[in-house]
Amino acid sequence: MKYLDEYRDQRLAATLVDEIRRTVTRPWTLMEVCGGQTHSIVKYGLDELLPAQVELVHGPGCPVCVTPLEMIDRAHAIARQPGVIFCSFGDMLRVPGSNGDLYQIKAEGGDVRIVYSPLDCLKLARAHPERPVMFFAIGFETTAPANAMSVWQARAQGLSNFSLLVSHVLVPPAIAAILGSPQNRVQAFLGPGHVCAVMGWSEYEPLAERYRVPMVITGFEPIDLLEGILMAVRQCEQGRATVENQYARAVTRDGNVEARKMIGRVFEVCDRAWRGIGVIPQSGYRLRPEFHAYDAERIFDIQSVHATEPEICISGQVLQGHKKPHDCPAFGTQCTPQTPLGATMVSAEGACAAYYNYGRHLVQVSR
Amino acid sequence: MCLAIPGKIVELLDTPGVKMAKVDFGGVFREACLEYLPEAGLGDYVMVHVGFAISRVDEEEAARTYQTLREMDQLADLEAGELLEDPHEVP
Amino acid sequence: MQDFALSCPLPITSRKTIVLGHGSGGRLTAQLVHDLFLPAFDNEFLRKLDDQAVLNLGGARIAFTTDSFVVTPLFFPGGDIGKLAVHGTVNDLAMSGARPLYLSAAFIMEEGLPLDELSRITASMAEAAKAAGVTIVTGDTKVVNKGSADKLFITTTGIGLVPDGVAISASNARPGDKVILSGTIGDHGMAVFSRRENLELESTIESDTAPLHLLVQAMLAAGEIHALRDPTRGGLATSLCEIAGSAGIGVEIQARRIPVRQEVQAACEILGMDPLFVANEGKLVAFVAPATADAILAAMRGTVEGRDAAIIGEAVSPHPGMVLLKTEIGGSRILDLPFNEQLPRIC
């Protein structure tokens, strides 16, 4: 596939690794923000190729991990209501709430459907006018334009049975929270390539300047990640702290102006709780008042659903890069390789599951 | 968060209400919404996330940066070649 | 050590009801078999957990298997549930080196199933059976109320004869064996997925459903086979993990050597899925004696079903039970049993 395959070239990867090796003179701790980047690092075994001085810590870049328990419980409460067609991306199916997960709800008779695009839900709403169709709208800014369009179109098409349960989270406030923490170890960021394709990168300039931390907006393929890492460590070695764009083929400084306009029409910024971190002010989106007719939190009787997060545990610290999964006392005992460990998990493969596997591998195979 | 795949616009669709296109992803086709890329046209490569084209692939930029990488690669080869004492040794 | 509460969204492992994941062929399935069925039925044959049981009956070695087919939609690009049922059963037998002979077919039909669909499926089964040289000798029909079955379920059993001197079982794989894959992976699963509601993709991807017994015969004639698996649900990765676990060996695979059709790769990219965990219905993976690997490979490539066969790795002594994949860019990662069925993701 064009614009994918060439970024998985083994020789280029080796060249970039060599260049990184030649560049580093001391240890550096880098964080990749996006779950998709973590996934790629794990899938290709990237961090194993890097020189020991370059440490990658995985950021809070995954809706599976950061959607708060209370929001999951509210989603599940809606899914349990008879007659509701509950639509979701596949990622959320197995995330447990306080009382089971969507698999269980499906087993109990809930109508849970996986969709690829929020527009698919509109088709369902049209096909089943007598039933409420609800879409679990999680994600970073990347997905906000799609979710916004679904509401916009629902209104334009006069659909009265469609709603969104919004749990959007924003990246810059999360980065600020991480950098503002006194235990922060992160010295450079690999910025979220597709979030920036939508939002541009201007929001990251004040962060880079204020905290004196380089930010390299990076893509998702192995060559992108390696190039991004190279650019980041070069900045670190040179004592620079600016925003650079590795992913120039897909990202511009202004991002997608039309998409941002639509986000602004449909959503407004609000405070949001992040699982494992807590409330980060002004770090989420919610529907604007004129779209309250499509707000699942108002349509369904779920205001009384509350959940207390267990005490902030190591997963929060893993999320913020303070600790590694194997620092967790439950690592390998309560949390086994079969159950992905830590809130930095991404899908069944899991960053932390892979961490564990990699660690297990290191123990058994001497290199 | 943010699985987006590059694909080529091969057909502009006549859908009422929302601008849609048929996109070719390496031989697999899917509809994508073009509302956020009003200037995108036939033959353009776009990044598609959950059924929406969110940015155009800047093909010149891609070619340019890939060329830079290739040159780095060739330079590395050259250097490796120069460092070899035994000309028959394979790097 | 201070007690603390985990905030991690770990997937649920102990459940009170059956969920879809229990049928995915991955860890949940393995858990169910191990915790419930094995202890209940325990015997030397079942404990092997091969795709079939090889029984000694009056001096003859009979391979015996059963399988159920619940695929939706009933008709998909490249096949239908009937064809799948015949091939799937033939293949389970073939994985022991047996010559498949007789099948049974039981139909559980949902009230309202159109007769012409049933007719097409039956015709397809008859054709597949004839082509594979097997006879459907007995069967059963049941009808359940609307809503109690997803249109049609087909359950089969199969019987075959294992030739003398052939001892193929997952536990027979040993360090040094070459791992041979008979062709491209992910075709069947993505053919079905691309037709799933709300995920429709337009493609030419077709199921690879095919009988493999003649391929296995050709392989047996060319060299020494230790273990065979047809990687159905759970994909190639699951089969490799099962063999590694059964035999107590390490396995090392090269990602670059694994054949994947471009369209299958593309469909997986779009949905965020990994071909290694996607179902196949006309492929096998073999652990063979290294001295005979090249001969076996050549024999496979001479057949239709094995035309894209490739040596993808080997069995090793280190890291027993663990499957290591060398990635496209030279890194490595561990392949583990998936927990649930693989789902499309956006993350």
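Chain B, in this predicted model, is built from 1 helix and 5 strands, and if we follow its elements from the N terminus, the order reads β-β-β-β-β-α. Of the 91 residues in chain B, 38% are buried, and when we take the contacts in this chain with a separation of 6 or more, 25% of them join residues that are 24 or more positions apart.

Chain B also touches chain C, and to that contact chain B gives 10 residues while chain C gives 14 residues. On the side of chain C that touches chain B, the residues comprise 6 nonpolar, 4 polar and 4 charged.

Let me turn now to chain A and to one pair of its helices. Helix 1 of chain A, residues 10-23, and helix 12 of chain A, residues 222-238, have axes that come within 10 Å and cross at roughly 15 degrees. Because angles under 35 degrees count as roughly parallel, helix 1 and helix 12 of chain A are described as roughly parallel to each other, and their crossing is left-handed.

Which residues of helix 1 and helix 12 of chain A make the contact? From helix 1 of chain A they are A:Leu12, A:Ala13, A:Leu16, A:Val17, A:Glu19, A:Ile20 and A:Thr23, and from helix 12 of chain A they are A:Pro222, A:Ile223, A:Leu226, A:Glu227, A:Ile229, A:Leu230, A:Val233, A:Arg234 and A:Glu237. Sorted by character, the residues in this contact between helix 1 and helix 12 of chain A are 11 nonpolar, 1 polar and 4 charged.

Conventions: Residues numbered from 1 in each chain as written. Chains lettered and ligands numbered in written order. Predicted model: local features only at pLDDT ≥ 70, side-chain atom pairs only at ≥ 80, totals over all residues. Contact = placed C-beta atoms within 7 Å. Nonpolar A, V, L, I, M, F, W, Y, C, P; charged D, E, K, R; others polar. Axes fitted to C-alpha atoms, helices over the stretch in contact; angles between N-to-C directions. Helix = DSSP H or I, 4+ residues; strand = E, 2+ residues; numbered from the N terminus. Parallel < 35°, antiparallel > 145°, perpendicular 65-115°, else oblique. Left-handed = near helix turned anticlockwise from the far one by under 90°. Buried ≥ 20, exposed ≤ 12 C-beta atoms within 10 Å, placed from the backbone.
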